Amino acid sequence: VQLKLVPPGAPYLKGADILLAADCTAFVVPDFHRRYLRNRPVLIACPKLEDTELQIVKLAEVIRTARPAALTVLRMEVPCCGGLVRVAEEAVKRSGLEVPVGTIIVGVDGREGQGA
């Protein structure tokens, strides 16, 4: 599920609503699987601990190959996590495709709707 390791041509990504989740989110949301993974493949990444340019290039390749129906970014309320939204938006732009990008923000307490 690591973005840098997933093959862009993985069949489970084709036409899917892909969840791009910050690494930390699964640890703060007790019901992460039930709330966010139903019928969605997940890719995880961290904009603070990984090279964002490489993330953009890889995600753009995934988008061009898989042609997802949508891309939903699940991020923490902390400022560094905002980089994951920028990665997603830039990857869509570079892919040359129109893919809707949604964002869900969770607080350090695991609740949705926290400020960024």
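Helix pairs with an angle under 35 degrees count as roughly parallel, over 145 as roughly antiparallel, 65 to 115 as roughly perpendicular, and the rest as oblique. The legends below describe a predicted model.

**View A. Helices α3 and α4 cross obliquely.** The axes of α3 and α4 come within 8 Å and cross at roughly 50 degrees. That angle falls in none of the three named ranges, so α3 and α4 are oblique to each other. The crossing of α3 past α4 is right-handed.

**View B. Residues of α3 meet residues of α4.** From α3 come Thr 52, Glu 53, Gln 55, Ile 56, Val 57, Leu 59, Ala 60, Ile 63 and Arg 64. From α4 come Val 87, Ala 88, Glu 90, Ala 91, Val 92, Arg 94 and Ser 95. Nine residues of this contact are nonpolar, three are polar and four are charged.

**View C. Four parallel strands make an open sheet.** The strand order is β2-β1-β3-β4. β2 (42-45) and β4 (101-106) are the edge strands, each with a single partner, so one side of each has no neighbour in the sheet. On average, neighbouring strands are turned by 20 degrees against each other, direction ignored.

**View D. Strand β1 pairs with β2 and with β3.** β1 spans residues 17-22 and joins β2 through four bridges, in the parallel sense. Leu 19 stands opposite Val 42 of β2. Five bridges link β1 to β3, again in the parallel sense. Here Ile 18 has Leu 71 of β3 as its bridge partner.

**View E. Helices α3 and α4 pack on the sheet.** We return to the strands just described. Helix α3 (residues 52-66) touches β1, β2 and β3. The direction of α3 makes about 170 degrees with that of β2. Helix α4 (residues 82-95) touches β1, β2, β3 and β4. The direction of α4 makes about 165 degrees with that of β3.

**View F. Strand β3 is largely enclosed by the rest of the structure.** Seven of the seven residues of β3 are buried, which is why the strand counts as largely enclosed. Ala 70, Thr 72, Leu 74 and Met 76 point one way from β3. Leu 71, Val 73 and Arg 75 point the other way. Both sets are buried, the charged Arg 75 included.

**View G. Strand β3 runs parallel to β4.** Six bridges join the two strands. Met 76 of β3 stands opposite Val 106 in β4.

Methods. Residues are numbered from 1 along each chain as its sequence is written. This is a predicted model: local features need pLDDT of at least 70, side-chain atom pairs count only at pLDDT 80 or more; totals for chains, interfaces and linings use all residues. Side-chain values use heavy atoms; hydrogens and water are left out. Two strands pair if DSSP finds at least two bridges between them. Axes are lines fitted to C-alpha atoms, for helices over the stretch in contact, and angles run from 0 to 180 degrees between N-to-C directions. Contact means heavy atoms within 4.5 Å. A crossing is left-handed if the near helix is turned anticlockwise from the far one by less than a right angle, and right-handed if clockwise. Buried means under 20% relative accessible area, exposed over 50%, partly exposed in between (1.4 Å probe, protein chains only).
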